[in-house]
Amino acid sequence: MMTRLIFCLLLCCMLQPAQAHKPSDSYLSLDVQGERITGQWDIALRDLDYAIGLDSDDDGKLTWDEIRNRHAAIAAYALEHLRLSSEAGDCRVTPEQQLIDDHTDGAYNVLRFHASCPQPLQTLAISYRLFADLDPQHKGLLRLTHNGLTSTAIFEPAHARQALPLLAPDRWQQFIAYVKDGVWHIWIGYDHILFLLSLLLPAVLLAAPANNLRGAFIDVLKVVTAFTLAHSLTLTLASLSVITLPSRLVESAIAFSVVLAAINNLYPLFRGRRPWAAFGFGLIHGFGFASVLIDLGLPQGALMASLFGFNLGVEVGQLCIVAVFLPTAFFLRHSWFYRRLLTVGSAMIALVATVWFVQRAFDVQAQWIGL
Amino acid sequence: MRPPWSWGHMMQKPFFALAYAIVAIVAVAVSAVTFEAQAAPHIPANGQQVVETVPRRGDPVQQELRRLRSQLNANPGDVALATSVARRFIALGRSETDPRYLGYAQAALQPWWQQAAPPPEVRLLRATLLQSTHQFTPALADLKAVLVAEPRNTQAWLTLATVQTVQGDYADATASCAHVSGLSIDLLAITCIANVGAITGKARQSEQLLDLTLERSANVPEELQVWAMTLLAEMAQRRGAAAIAETRYRQALKLAPRDSYLQGAYADLLLEQNRNAEVLTLLRDESRIDALLLRRALALQQAGQQQALQADVRELSARYAAAAQRGDTVHQREQARFELMLRKDSAAALALARKNWAVQKETADIRIYLQAAVKARDPAAAKPVIDWVASHHTEDLLTAQLVRQLQAGT
């Protein structure tokens with residue numbers, strides 16, 4: 001049943017999504033920090049082809065080479081039709097990397113850029129005229145983030161110029177937003193969950209005199225506290241840029257920690273020292289959390305509050321998982337199933353984490369290894 | 001059919017519950033690995049990888065359009081050229097069911113688009129484009145203005161009648177159709193009138209009249225034949241004559257195999273008869289069109305093909321979300337059906353059907369509204385539609401059945 005379910009899931013992922021016919025849209029994301037804007041602009045390749053011609057051999061198929069050769073033209077054309085300005089004047093926009101992404105109606109060119117404005121932004125004025133002459137039904141869908149708060153706007157020829165006020169956010173709301181982000185990140189961070197669960201699985205199977213709920217609770221408490229202390233420490237240091245590590249190293253090490261934690265259930269590596277393992281690897285996981293927080297952006301005015309909020313969110317999310325895990329595991333600890341979970345389950349976790357490790361350490365795309 | 005497992009069964013054996021939970025986490029994690037590589041900005045594996053397909057420039061239709069567009073660019077104020085370009089793009093948009101071409105058509109009309117009173121030929125096209133995005137009020141204003149200037153403009157009367165019918169303004173629609181009768185061949189006026197008559201208490205006579213007129217009309221344009229046959233098929237379907245409806249749909253499809261409205265209507269007939277395998281064959285290559293993807297998903301649901309169904313449901317959700325993000329509401333009828341039949345969320349379906357009802361009032365709009373009200377056990381919500389059906393003498397077997405169900409429930 002287990003293999004069948006996983007097989008089904010894999011198959012679903014491999015089905016090529018059908019592409020819709022829909023009116024033309026572009027997706028513009030802007031993140032404002034002080035006088036600096038980081039942007040990403042997803043524009044449909046089909047629209048770009050209609051506007052400036054990308055299909056150089058005219059076979060109706062756009063290859064990556066054909067697109068890549070036109071990167072300079074794409075960036076110039078797109079940025080010509082977008083103006084960002086502060087009260088003190090226009091911001092200078094510099095294109096960065098260009099990639100590919102899929103939306104419901106096909107493949108899009110992803111243009112990343114940054115802009116520097118003459119002064120820190122109070123109001124961001126945007127003039128959007130992309131494809132206005134070719135397709136007046138085209139819309140630009142903006143997602144603007146500032147100090148962790150997100151707002152949206154729709155640009156179309158009738159609303160081509162909009163001034164978006166960047167209000168100082170409500171401090172409490174901002175704090176709560178970071179707590180939520182923290183909770184959310186641990187819940188969708190499968191690597192962190194699998195690491196923690198792998199370390200906790202043996203907690204309900206201790207030898208006497210700790211073979212009771214109290215013993216299990218104390219053991220879980222030790223592991224979780226060690227993990228929390230460690231990752232809070234590195235999360236703080238990395239967020240404040242006291243220490244920085246390359247993300248490839250951090251992400252690979254996190255995957256490796258999951259492999260070790262899972263193997264430990266098959267062949268004891270840490271023995272009685274699981275809390276120490278939790279502490280040691282927790283240091284690495286903290287760097288992983290920090291990269292998420294840095295991506296979210298730390299507001300200048302509320303640095304410590306946001307950091308604390310995010311950390312608190314991570315802990316709350318983690319405690320929720322433990323609160324479900326401990327009683328369930330304790331209840332099931334003598335079952336055939338739990339023994340299987342400890343062996344087969346850990347083996348599977350180790351396998352998945354190995355895949356992650358290979359992907360992250362050697363920068364391998366999932367398709368290459370048949371997944 | 002009983003599913004191989006159920007929540008109740010799982011709850012009896014808690015460790016199965018945990019087993020499923022762990023399997024689910026691992027499986028999601030594994031799928032996240034594959035998903036990451038596909039749904040995030042990435043660099044294709046190699047330079048030869050085909051990233052997207054686009055209309056070929058060498059294609060004769062595209063070539064002709066490009067030639068006309070460059071002429072127009074040199075001469076943007078040329079009304080005759082601009083309307084010819086716009087008409088071609090509108091035709092292409094219809095035949096491909098691809099709204100991007102409607103945007104290109106609008107671009108050709110750009111110099112006049114914001115004017116209060118553009119030349120009638122531009123204004124008629126503007127009305128056509130406006131009604132395609134359900135902006136009925138400005139579309140009606142344009143059509144009426146065109147008809148003041150050109151009272152013998154057949155196309156304007158027909159488009160006006162269509163918008164009036166969709167909005168449920170049957171008296172004015174009939175009057176608009178009457179204007180067509182002196183201006184063009186019989187079949188055109190009769191199709192227009194029968195379309196209104198069929199939903200205002202004269203279903204049988206309208207069907208007979210249209211059938212007879214179609215039979216006697218030789219050498220009429222194919223498009224008109226397809227329109228008449230589609231209406232005839234729908235009329236037969238509404239009164240429960242499935243075999244006759246099927247023959248007519250098939251005849252029409254022979255003339256216009258890629259007409260997406262026709263394909264959708266025929267698919268609905270097949271779905272009513274649980275002939276899901278035929279729907280899947282019919283719509284095999286049509287998943288780009290949302291309305292047809294919806295029918296494919298409904299067929300997969302009937303066929304019990306869970307895996308493919310879930311993929312289509314996800315895809316449809318993503319497309320409706322993308323439409324909502326740009327503020328589009330043209331999908332409400334279909335989306336209500338999606339919520340009701342595929343997501344089993346009758347409250348959401350009813351809310352959408354209600355919004356849709358404020359805009360359009362065709363038989364399909366009546367059906368989905370009543371179906372949603374039945375599933376939501378909310379007969380009170382259906383009252384405006386039930387009153388509408390009674391006062392306009394809507395004749396449709398399914399509608400009558402739904403009304404009875406709702407009235408029995410009160």
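# Close-up views of chains A and B

**View 1. Six strands of chain A form an open sheet in the order 6-7-2-1-9-10, with mixed pairing.** The model is a predicted one: local features need pLDDT of at least 70, side-chain atom pairs count only at pLDDT 80 or more, and totals for chains, interfaces and linings use all residues. Residues are numbered from 1 along each chain as its sequence is written, and chains are lettered from A and ligands numbered from 1 in the order in which they are written. Helices (H or I, at least four residues) and strands (E, at least two) are DSSP runs, numbered from the N terminus; two strands pair if DSSP finds at least two bridges between them. At the edges of the sheet are strand 6 (92-103) and strand 10 (149-155) of chain A, each paired on one side only. From one strand to the next the twist averages 15°, with axes being lines fitted to C-alpha atoms, for helices over the stretch in contact, and angles running from 0 to 180 degrees between N-to-C directions.

**View 2. Strand 6 of chain A pairs with strand 7 (residues 106-116) of chain A in the antiparallel sense.** Ten bridges link strand 6 and strand 7 of chain A. Within this pairing, Asp101(A) has Tyr108(A) in strand 7 of chain A as its bridge partner. Helix 4 (residues 71-80) of chain A packs on the sheet and touches strand 2 (36-44), strand 6 and strand 7 of chain A. Contact between two residues requires their C-beta atoms, placed from the backbone, to lie within 7 Å. The direction of helix 4 makes about 110° with that of strand 6 of chain A.

**View 3. Side chains alternate along strand 4 (residues 82-86) of chain A.** In a regular strand the side chains alternate between the two faces of the sheet. Here Leu82(A), Leu84(A) and Ser86(A) point to one face and are buried, while Arg83(A) and Ser85(A) point to the other and are not buried. A residue is buried if 20 or more other C-beta atoms lie within 10 Å of its own, exposed if 12 or fewer, and partly exposed in between, with C-beta atoms placed from the backbone. Strand 4 of chain A runs antiparallel to strand 8 (residues 123-128) of chain A, joined by four bridges, and Arg83(A) stands opposite Ser127(A) of strand 8. Strand 4 of chain A also pairs with strand 5 (residues 89-90) of chain A, in the antiparallel sense and over two bridges. In that pairing Ser85(A) stands opposite Asp90(A), and a hairpin of two residues joins strand 4 to strand 5 of chain A.

**View 4. Helix 6 (residues 190-200) of chain A is mostly covered.** Ten of the eleven residues of helix 6 of chain A are buried. Among them are Tyr190(A), Asp191(A), His192(A), Phe195(A) and Ser198(A). Leucines in the buried set include Leu194(A), Leu196(A) and Leu197(A), as well as Leu199(A) and Leu200(A).

**View 5. Phe362(A) belongs to helix 11 (residues 336-362) of chain A.** Phe362(A) counts as exposed because it has 10 C-beta neighbours inside 10 Å. From C-alpha to C-alpha, Phe362(A) and Ser252(A) are 8.9 Å apart in space, with their positions 110 residues apart in sequence.

**View 6. Chain A is assigned domain 1 (24-165) and domain 2 (171-364).** Domain bounds come from an automatic or database domain assignment. The centres of the two domains of chain A, taken over C-alpha atoms, are separated by 38 Å. Seven residues from domain 1 of chain A and eight residues from domain 2 of chain A make the contact. On the side of domain 1 of chain A that touches domain 2 of chain A, one residue is nonpolar, five are polar and one is charged. Ala, Val, Leu, Ile, Met, Phe, Trp, Tyr, Cys and Pro count as nonpolar, Asp, Glu, Lys and Arg as charged, and the others, Gly among them, as polar.

**View 7. Chain B is assigned domain 1 (61-151) and domain 2 (159-234 + 241-257).** The C-alpha centres of domain 1 and domain 2 of chain B lie 26 Å apart. Domain 1 of chain B brings seven residues to the contact and domain 2 of chain B brings four residues. Helix 7 (120-132) and helix 8 (136-149) of chain B each supply at least two residues of the side of domain 1 that touches domain 2 of chain B. Helix 8 of chain B gives the most to that side, with four residues.
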